[in-house]
Amino acid sequence: MARITLNFHHYRHNLELLASKCGDMKKLMVVLKNNAYGHGISQMAPLAAAVGVRYAAVKDCAEGLKIEGLFERVLVLSDLPNSSACGALAFAIHSMESLEAVPSGTVVHLNIDTGMHRNGIFPSELTRAFEVIVRHNLVLEGVFTHFHSADVLGSDYFVQRARFDALKDNVRTLATRLGLPLPLFHACNSAGLLRHNGAFDDDVARVGISSYGYTDMPKLLGAFDLKPVLALWAKRMSTRTLHKGQKVGYAGMFEVPHTMVTSTYDVGYGDGLFRFDGTKEVLLQEGQPLLGRVSMDSFSSEGEADEVCVFSDALSMAQAANTITYEVLTRLSPWLSRVVIGRDE
Ligand SMILES: *Cc1c(COP(=O)(O)O)cnc(C)c1O
C-alpha cells in the first residue's frame, strides 16, 4: 500500500533551527492546521511535544481536541467554541463581532489587522476590544498579527512590523490601566521568523511550512538549512512489457517509443497527487517520468521497482503543478497511512 513517511530527525532539526532564531524552543508555536499541512496531525503533534514545543495552532475545534493534552496551549485559528469540550482551547478572534459572541471565560488571542486585510480588528478598535474583554470576562492570552509579504522582497514586512510594535505599546498601556496580565505577543510566520535578525522581542513565533522543511522565500532573503520531513511512497500494482506505438493510460497520452517495461503504482489524484494530464514531463523523486495521465488511484512509470518514491521534496511537484509546496502537502489524503521514522532511539 502507498504510504507517507515522516522523518523525526528532520522535524527536530528544523524546529531547532527555528528555535535558534527566536531564542528558545519554548517560544515556538507549531502550526498543525489542515492535518499538519497534510503530514498528519496525530503523528506530528507528539513529535513537536517531544522536542519541547509548548504551543500549537490548529484550524478548528476538532483538530484542537485531538491534541490539546500534548501542549500547554492549543490555539484554534479558524473556529469559535462550539461546545463545553472546547474549554481548554484558546481562540483566535478575527473581528469585533466574534469578540462579542464568544462565551464568558473564553481564552482569546486577538488578531490585529496591520495590513493583511483579511482578518483582525483595526488598531483603532483596540480600546473598544478591551472594553468587551473586561465586560464579558474573556481571558486575553495573546495579541497577534499576520504578515502578508514576509516572503516577498520589499518593505511591506517592515511596515507591518512597525505597526505591530507600536500596537504592543498601546496594549501594554491598556492592560496595565485595567489591571490585566500582559498577553503573549506574536507576529512571525515562517518567513517572518527566518528573516528576523537580532534580538527577538515577541513572545511567540507561529511556524508552519518551515517546520516541515520548506520556505518559499527568494534566495536573496537568505538560504536556510531546512530538511523536508515528509516523503510519499507508492507500491507497484502490476508490470507489463510494452512495444513501440502502444499507449498508456486515459486518452493514450503516452506513446511508447521503444520496447519498455512499465509498472503501475497505487497513488493517484484521489490520494492528493495532482492530476497531471500527460502533456508535460513530470518526474518522480529519482528522476523517472510519469507516463501519461495520472488516474484517480494510480500512475505509471518505467521499470519494475516494488516501491517508488513519488517525492521526498515537494518543491519539484509544486513546480510541475505551478503551485507552492503548501498546496502539494495539504492535498495529501488523510487516508494514506503515515509512519514516523527515526523516533526509536
Ligand atoms: C498558517 C498560519 C501560519 C503559518 O504560516 P507559515 O507560512 O506556514 O509559517 C502562521 N500564522 C497564521 C495565523 C496562520 O494561519
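Visitor: Which residues surround the ligand, and what makes them count as being near the ligand?

Guide: In this predicted model, the ligand is surrounded by Val31, Lys33, Tyr37, Leu77, His146, Asn189, Ser190, Arg206, Val207, Gly208, Ile209 and Tyr326. A residue is near a molecule if one of its heavy atoms lies within 4 Å of it, and therefore these residues count.

Visitor: What makes the pair between Tyr37 and the ligand a polar contact?

Guide: A polar side-chain atom of Tyr37 lies 2.5 Å from an oxygen atom of the ligand, and because the cut-off for such a pair of N or O atoms is 3.5 Å, the pair counts as a polar contact. Ser190 also places a polar side-chain atom 2.5 Å from a ligand oxygen atom, while for Tyr326 the distance from a polar side-chain atom to an oxygen atom of the ligand is 2.7 Å. On its own the ligand has 390 Å² of accessible area, of which the protein covers 87%.

Visitor: Which residues lie nearest the centre of the largest pocket, and how much space lies in that pocket?

Guide: Lys33, Tyr37, Met116, His146 and Asn189 lie nearest the centre of the largest pocket, which is lined by 38 residues, and about 870 Å³ of space lies in this pocket. Helix H2 (33–37), helix H8 (190–195), strand S9 (205–207) and helix H10 (325–330) each supply at least two residues of that lining, whose residues divide into 16 nonpolar, 15 polar and seven charged.

Visitor: Why is the space lined by Leu232 and Phe311 called a cavity?

Guide: That space is called a cavity because a 1.4 Å probe fits there but cannot get out. This largest cavity holds about 50 Å³ of space, and its lining consists of Leu232, Gly272, Leu273, Phe274, Phe311, Met317, Val328 and Leu332.

Visitor: What makes one residue of the lining of the largest cavity polar?

Guide: The lining divides into seven nonpolar residues, one polar and no charged, and because Gly counts as polar, the polar residue is Gly272.

Visitor: Where does UniProt place the domain "Alanine racemase C-terminal"?

Guide: The unreviewed UniProt entry places this domain at residues 229–341, a span that is 12% helix and 35% strand.

Definitions and conventions
Residues numbered from 1 in each chain as written. Predicted model: local features only at pLDDT ≥ 70, side-chain atom pairs only at ≥ 80, totals over all residues. Heavy atoms only, no water. 1 Å grid on protein atoms, 1.4 Å probe; cavity = no way out; pocket = protein on both sides within 12 Å on 5 of 7 lines; lining within 4 Å. Points joined across faces, edges and corners; volume = space filled by probe spheres on them. UniProt positions renumbered as here; feature names shortened; annotations may be inferred. Helix = DSSP H or I, 4+ residues; strand = E, 2+ residues; numbered from the N terminus. Polar contact = N/O pair within 3.5 Å; in protein donor to acceptor, adjacent residues only side chain to side chain. Areas by Shrake-Rupley, 256 points an atom, 1.4 Å probe, with all protein chains shown as cover.
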